[in-house]
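Reader: I have a model open in front of me. Please show me how to read a few of its features.

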Amino acid sequence: MAVIFLVQIFLFQLVNNLNVSLLLKSFFLISLFGAQDSIEIIKMPNEFVPGKHQMVIFQVTNHSDLSIQPEVQLMLPNGCTIITASTRFKLNPKETKRLLYTISLSPQATIGGGDFVIVFSNQGLEIERKLVNCTVKKIHNLGLEVVDKPKYLKDGGEFTCTYLIKNKGNVDETIQLLSRKGSVEGLTNFVLPIDSIKQIVVKQQIPLSNTMQIIVNDLSVFSQDADTTFTKNIPITVYPN
């Protein structure tokens, strides 16, 4: 048994230090660590949510007869960041250890799939690589605010109010604009890309009156993809001339 143990150490050092082919390295790794899975996923969200922290738990196993100090590397899709991670550790022969990572996604992390890659290695030599498909949840999040409006009006003529639309979600939005009281200047149908802003001007006629009145300037933003409408109403006092 002692002779086998010494031979395993010799083989590991040989593979790690010599410039041998990948196929030959793989052969030695299987002989040392076995063909079993060294990485097992314990907990991972089916869908990652942009703008939130998510917990990932997996375990690594040393199937060899040698004590090792492995390195675990996580390669994440775009928009993902590791917030907390397990520190360096030692694995005795046949020992298993659970590792916990906290992953943060930016609010604009793109939808769709991506590879979440876990690499388990020792002294720079890769033991196992596991690829897990990572799906990011589709988030529709439009912001609508007023950036300019008159404090008051005199009757007759026309006025404008200015709005700002921001796409704070992680998908491009197909937008349709509508004003019940006024008219939207420029395009009323367009695509608003992720993390972009568009300024909208609504022009409106001031009705004639002999008394003070309050009129409303409005803008409705309809997202065709989310089938949702956002509306702003601006009440403005009109004084007679």
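Author: Start with a sheet. This is a predicted model. In it, 5 strands make up an open sheet with mixed pairing, ordered β9-β16-β15-β11-β13.

Reader: Which are the edge strands?

Author: Look for strands that pair on one side only. Here these are β9 (152-154) and β13 (189-192). Neighbouring strands of the sheet are turned against each other by 35° on average, ignoring direction.

Reader: How many bridges join β15 to β16?

Author: Strands pair if at least two bridges are found between them. Strand β15 (residues 213-223) and strand β16 (residues 228-239) are joined by 11 bridges and run antiparallel. Pick out D218 in the model: N233 in β16 stands opposite D218.

Reader: Now a single residue. Is N62 buried or exposed?

Author: Buried means under 20% relative accessible area. N62 has 0% relative accessibility, so N62 counts as buried. Find N62 in the loop between β2 (53-61) and β3 (71-75).

Reader: Which backbone oxygens lie by the side chain of N62?

Author: Check the distances to a polar atom of that side chain. For the backbone oxygen of L91 the distance is 3.3 Å. For the backbone oxygen of N92 it is 3.2 Å.

Reader: What about D148 in strand β8?

Author: Partly exposed lies between the cut-offs of 20% and 50%. D148 has a relative accessible area of 44%, so D148 is partly exposed. Strand β8 covers residues 142-148.

Reader: Which residues does D148 touch, leaving out those up to four places away in sequence?

Author: D148 touches C161 and T162. Now compare chain and space. D148 and L164 are 16 residues apart along the chain, and their C-alpha atoms are separated by 9.4 Å.

How values were computed. Residues numbered from 1 in each chain as written. Predicted model: local features only at pLDDT ≥ 70, side-chain atom pairs only at ≥ 80, totals over all residues. Heavy atoms only, no water. Helix = DSSP H or I, 4+ residues; strand = E, 2+ residues; numbered from the N terminus. Buried < 20%, exposed > 50% of the residue type's maximum accessible area, 1.4 Å probe, protein only. Polar contact = N/O pair within 3.5 Å; in protein donor to acceptor, adjacent residues only side chain to side chain. Axes fitted to C-alpha atoms, helices over the stretch in contact; angles between N-to-C directions. Contact = heavy atoms within 4.5 Å.
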